[in-house]
Structures are given as structure tokens and as C-alpha cells.
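Welcome! Please take a moment to look over the sequence and the 3D view before reading on.

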Amino acid sequence: MADVIVIGDGPAGLAAALFLAKNGMSVEVYGKNESWVHKALLKNYLGFQRIPGPELLRLAREQVEQLGAILVDAEITTIKKVEEGFQIDAADGQGSTADYLILTAGPKTSLVEGLGLTLDEKGYVLGDRNGRTNVDKLYVAGWSTRPDKIQAQISAGDGAAAALDILSREKGKEFHDFDNLEDDPDLG
Ligand SMILES: Cc1cc2nc3c(=O)[nH]c(=O)nc-3n(C[C@H](O)[C@H](O)[C@H](O)COP(=O)(O)OP(=O)(O)OC[C@H]3O[C@@H](n4cnc5c(N)ncnc54)[C@H](O)[C@@H]3O)c2cc1C
């Protein structure tokens with residue numbers, strides 16, 4: 001059992017995993033490394049003049065794995081609300097449970113059916129600005145909640161906001177992931 005299951009391994013899911021794993025939560029990310037970012041040549045991602053999408057994803061996957069997130073190569077077929085939290089099942093028979101779930105599966109997905117989630121008129125899951133949905137502890141981030149304003153950087157920001165909201169709930173106070181330059185013996 002993990003603390004958090006993330007469904008989707010695009011910028012939204014990987015950014016959420018980064019913040020969660022960096023701050024001590026166990027997180028499993030499910031996907032088959034098929035984000036739409038693989039098609040992009042990004043010239044609008046802060047910090048890079050231009051970067052091929054596959055390279056951005058390679059760096060991001062490496063970063064989150066180094067922080068301890070587990071990337072699972074699997075397509076999720078069902079999500080169920082259970083007593084322990086959320087249970088997921090994958091097409092290849094894998095499964096898992098977690099207290100929290102963050103849905104970042106990209107454009108509209110049938111995965112949300114039967115969970116009692118509130119959808120917008122286009123069928124996308126509604127979330128507040130931290131990705132909280134009407135189902136407690138189930139979050140949504142990135143393209144999964146945005147039929148418009150589809151940008152990699154916006155998805156990454158959404159994922160980070162959902163992760164910070166979970167970390168704040170767990171710590172019982174507003175949490176900011178700040179590191180100080182002066183604390184680094186080599187750089188400060
Ligand atoms: C041709 C093209 C060019 C683009 N160029 C740019 C650009 O230059 N700049 C820019 O900012 N944006 C660009 N974009 C948009 C960018 O790709 C999206 O903003 C970004 O992919 C959204 O990230 P996300 O994490 O929200 O969703 P996604 O990247 O769609 O990630 C969702 C992930 O969930 C996985 N998934 C889906 N269903 C399941 C399931 N059942 N189980 C497990 N995993 C699942 C998917 O395979 C995918 O890996 C471009 C898009 C396209 C198509």
C-alpha cells in the first residue's frame with residue numbers, strides 16, 4: 001500500500017510525484033510513458049530555450065525515481081473507493097491501494113465513471129485550484145481537468161499544487177517546499 005497513487009506519467013503526474021517523494025511520502029506512478037509531450041518540441045517550458053519532449057520526460061522520470069517515487073509500467077483499468085482509500089487495477093493484473101489518488105491521465109478518460117465525481121459540461125473532472133475534487137482525497141491535475149489551456153508547464157504546476165495540498169493535509173499545516181541556498185555548504 002502506498003501513501004499516494006498517481007495515475008498518468010505526463011508532466012502533471014511526474015510533478016506531483018516529485019513533490020510527494022521529495023517530502024517523504026511513498027508514491028506510485030502508473031502509466032506507459034506515452035504522454036503527449038513525446039510529440040512536442042517545447043520552446044515555452046521555463047528554463048529551456050527549447051527541449052524535445054522525450055528529453056524533458058527522460059529527465060523528469062530520472063529525477064522522480066532518484067527521489068524514491070516508483071514508476072510502474074501499467075495501464076489502469078479501474079479505480080474503486082474502498083475502506084483503506086483507493087484501489088486500482090491494471091490491465092496486466094497488477095493492483096495497488098493508497099490513501100490518496102491523483103488522476104492525471106490526460107484528456108477525458110472513462111476511468112472516472114462510477115466514482116461519483118462531479119464533471120463539467122465537457123465531461124472533464126472538476127477540481128478546485130489545488131485539484132481537490134468532490135471525492136475526499138481524490139485529486140485531479142493537468143489535462144484531465146482542463147479541456148483548454150493545455151500546456152506542459154500548466155500541467156506540471158497543477159501536479160505540484162495537488163501534491164502540496166496533500167502534504168499540507170498530512171502535516172496539519174500549510175506546507176511550502178522551500179530549500180535555502182545558504183544551507184548548501186558548496187553553494188551558499
Ligand atoms: C503535437 C503536440 C505538440 C505539443 N506541443 C506543446 C508545446 O510545445 N508546449 C507545451 O507546453 N505543450 C505542448 N503540447 C501539450 C502537452 O503535450 C500537454 O500540455 C501535456 O501533455 C499535458 O500533460 P498532462 O500530464 O496533463 O497529460 P498527458 O501528458 O496527456 O499525460 C497523461 C498520461 O497518462 C497516461 N494514461 C492515460 N490513461 C491511463 C491509464 N488508464 N492508466 C495509466 N496511464 C494512463 C497517458 O499515457 C499519459 O502518459 C503539445 C501537444 C501535442 C499533441
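This report visits a pair of helices, the surroundings of a ligand and a few individual residues.

Keep in mind from the start that this is a predicted model.

**Two helices that meet**

Start with helix α1, which covers residues 11–22, and helix α3, which covers residues 152–171. Their axes come within 7 Å and cross at roughly 35°. The crossing of α1 and α3 is right-handed. On the α1 side, the contact is made by P11, A12, G13, A15, A16, F19 and L20. On the α3 side, the residues taking part include A152, S155, A156, D158 and G159, and also A160, A162 and A163. L164, I166 and L167 of α3 belong to the contact too. Sorted by class, the contact of α1 with α3 has 14 nonpolar, 3 polar and 1 charged residues.

**Around the ligand**

Now turn to the ligand, which has 32 residues around it. Which of them come nearest? They are G8, G10, A40, G106 and G142. Both helices you have just met return here: α1, α3 and strand β2 (27–31) are the elements that give two or more residues to the shell around the ligand. By class, this shell has 14 nonpolar, 13 polar and 5 charged residues.

**Three residues to find**

The table lists three residues with their places in the chain and their neighbour counts.

| Residue | Where it is found | C-beta neighbours inside 10 Å | Class |
|---|---|---|---|
| K137 | loop between β8 (95–103) and β9 (138–140) | 17 neighbours | partly exposed |
| K149 | loop between β9 and α3 | 8 neighbours | exposed |
| D165 | helix α3 | 20 neighbours | buried |

Let us look at the two lysines. K137 has a positive phi of about 70°, although K137 is not a glycine. K149 is not a glycine either, and its phi is positive at about 55°. Why does K149 count as exposed? K149 counts as exposed because it has 8 C-beta neighbours inside 10 Å, and the limit for that class is 12 or fewer. K137 has 17 such neighbours, so it counts as partly exposed.

Next comes D165 in helix α3. D165 counts as buried because 20 C-beta neighbours lie inside 10 Å, and the buried class begins at 20. Which residues does D165 touch, leaving aside its neighbours within four places in sequence? D165 is in contact with N130, G131 and R132. R132 and D165 are 33 residues apart along the chain, and their C-alpha atoms are separated by 8.4 Å.

Technical notes
Residues numbered from 1 in each chain as written. Predicted model: local features only at pLDDT ≥ 70, side-chain atom pairs only at ≥ 80, totals over all residues. Axes fitted to C-alpha atoms, helices over the stretch in contact; angles between N-to-C directions. Helix = DSSP H or I, 4+ residues; strand = E, 2+ residues; numbered from the N terminus. Left-handed = near helix turned anticlockwise from the far one by under 90°. Contact = placed C-beta atoms within 7 Å. Nonpolar A, V, L, I, M, F, W, Y, C, P; charged D, E, K, R; others polar. Near = placed C-beta within 6 Å.
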